[in-house]
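Student: I would like to go through the empty spaces in this model. Could we begin with the pockets?
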Amino acid sequence: MKYEPIEALLKSASQYFEVFFIQENIKSPIRLVDTRIGLIGFLILVILSISTFSPNKLFFILFNLFLLIILSKIPVYLYIKRVGLMPLFIFTIMLPQVFLSSLEYALLFTFRVFLAVSFLIVFTLTNPFKEILNTLRFYKIPEILVLTLSFTYSYTYLVFNELYRILVARESRRFNNKSYRKIWNEGGELLGMFFIKVYERGEDIHLARISRGYNHMAYQVKFEKFNLVPNLIFIFYIALITVGWMII
Amino acid sequence: MNIIEASNLEYIYPDRTIGIKNFSLNIEESERVVLLGSNGCGKSTLLKLFAGLIKPMSGSIKIFEKDVIRENYLYFRKNIGFLFQNPDDFLFNPTVEDELLYTPMQLGFSEVEAKNLITENANYFGIEKLYEKPPFRLSGGEKKRVALACVLQLNPKLLILDEPTSNIDGKTRNKIIEFLKEYKGTMILSTHEIDFVKKISNKVVLLSPDKEILKVGGIELLEDLEYLEAAEIV
């Protein structure tokens with residue numbers, strides 16, 4: 001049927017983004033690294049990824065990304081599931097650049113963003129979300145931004161879960177093929193209903209938050225015990241990648 | 001002591017839908033009140049009003065003999081436990097442990113104090129093995145148990161439950177009913193299932209589909225078919 005590819009893509013996208021942030025319980029050696037040091041280290045890797053168009057440098061970073069995934073003991077399927085649609089999504093945005101610049105530029109740009117996002121995924125997979133929030137607070141990021149990130153975590157699931165449910169409900173009640181015009185109209189209705197439902201559920205979540213003592217702050221926890229050796233190894237590893245990147 | 005004093009309450013939603021109208025009721029300490037009515041008769045709206053989460057458009061309400069004003073907010077939050085109908089709306093933290101720690105930490109407990117506090121309830125509801133799981137991945141029954149354990153963290157004086165037994169398996173249902181029987185504080189719950197109400201309540205408030213009080217009485221009201229039919233419960 002006409003609408004199937006679009007709706008299938010929307011359904012996959014909503015399922016993908018629904019769990020994009022969700023914290024996984026991975027017993028990774030990276031957990032031994034203090035989140036404050038981890039954040040800086042991963043940010044350096046992100047900066048290295050987006051600061052070059054040299055394919056050699058990018059492949060060097062890719063090699064280290066895979067090495068980090070293996071060393072972190074992150075299940076490969078989980079990484080692939082998280083990163084899944086990202087390259088396609090980025091490349092779609094970059095499509096005009098194929099005509100405006102070149103295919104090579106569009107591919108390299110996609111590659112850079114894919115690497116940067118991958119490092120952020122590895123970081124969020126190996127660190128508890130509340131410690132990430134704590135780390136941001138430690139680096140004096142304004143509380144409103146920390147709070148926004150904390151809200152984003154809970155609302156991301158809600159938003160995409162709602163979209164998925166609407167799509168499935170629509171699909172279960174459709175019996176015949178329709179014209180493109182009708183599909184377009186229904187798409188508008190879907191979008192309207194989606195916003196209303198998300199707004200209503202958002203209100204309920206906010207009331208639940210208030211009923212549980214929400215005081216305009218994301219609560220703070222203590223950092224886990226600082227282990228010197230794993231932190232030194234991590235810093236050395238990041239330094240090695242940086243030097244390697246500069247030499248290539 | 002009156003836990004709730006509601007007089008001529010009226011609540012209208014922003015889209016002009018009437019939530020509740022002409023509602024007056026007093027609830028005394030240790031009463032176990034059940035709000036019975038059909039879907040959409042205003043039960044959830046009333047519970048939110050009783051918890052001080054929303055304010056009435058007209059009429060007055062006092063909770064623990066205090067007005068619903070910002071200054072009393074902390075007192076209400078420490079003394080009222082509110083269980084939402086849909087646990088998906090209620091659980092929003094990364095892990096079950098974070099969910100359990102949320103209320104005590106928000107109310108100023110230290111991390112150590114909060115962790116000590118959550119253990120007992122977690123054991124009672126059999127959720128200690130779920131600590132590291134994201135709440136989104138739990139089954140319906142598990143979510144309900146986690147939500148209830150969260151609500152009970154601070155031993156609230158007033159427990160408000162919105163359809164606590166909806167969409168759960170028999171085992172969880174029995175566990176919740178068993179807990180509610182033992183609970184000693186004041187309790188207000190809404191439901192449209194009348195089979196378990198007799199076991200746990202001593203006061204029944206029947207709501208009409210017009211979003212008004214139909215009848216207030218003891219559990220003998222559950223035998224009155226005329227009223228139950230008027231409330232569209234049977």
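Student: How do the residues lining the largest pocket divide into nonpolar, polar and charged?
Tutor: In this predicted model, the lining of the largest pocket holds eleven nonpolar, ten polar and twelve charged residues.

Student: Which residues lie nearest its centre?
Tutor: They are A:Glu200, A:Asp204, B:Tyr13, B:Ser44 and B:Lys48, out of 33 lining residues.

Student: And which element gives the most to that lining?
Tutor: H9(A) does, with eight residues. Helix H9 (180-211) of chain A, strand E2 (18-28) of chain B and helix H1 (43-50) of chain B each supply at least two.

Student: What is the volume of the largest pocket?
Tutor: The volume is about 1,100 Å³, and the second largest pocket has about 500 Å³.

Student: Which residues are closest to the centre of that second one?
Tutor: A:Gln23, A:Arg31, A:Pro128, A:Glu224 and B:Glu132 are the closest, among 23 lining residues. The lining of the second largest pocket consists of five nonpolar, six polar and twelve charged residues.

Student: Changing topic, how many cavities of 30 Å³ or more are there?
Tutor: The count is three. The second largest cavity contains about 100 Å³ of space.

Student: What lies nearest the centre of the second largest cavity?
Tutor: A:Ser211, B:Ile80, B:Gly81, B:Thr103 and B:Val151 do, and the lining has 13 residues. Strand E6 (80-83) of chain B is one of the elements giving two or more residues; E6(B) has the largest share, three residues.

Student: What is the division by type there?
Tutor: The lining of the second largest cavity has seven nonpolar, three polar and three charged residues.

Definitions and conventions. Residues are numbered from 1 along each chain as its sequence is written. Chains are lettered from A and ligands numbered from 1 in the order in which they are written. This is a predicted model: local features need pLDDT of at least 70, side-chain atom pairs count only at pLDDT 80 or more; totals for chains, interfaces and linings use all residues. Side-chain values use heavy atoms; hydrogens and water are left out. On a 1 Å grid over the protein atoms alone, a cavity is a set of points where a 1.4 Å probe fits but cannot get out, and a pocket is an open set with protein on both sides within 12 Å along at least five of seven lines; lining residues have an atom within 4 Å of a point. Grid points are joined across faces, edges and corners, and a volume is the space filled by probe spheres set on the points. Helices (H or I, at least four residues) and strands (E, at least two) are DSSP runs, numbered from the N terminus. Ala, Val, Leu, Ile, Met, Phe, Trp, Tyr, Cys and Pro count as nonpolar, Asp, Glu, Lys and Arg as charged, and the others, Gly among them, as polar.
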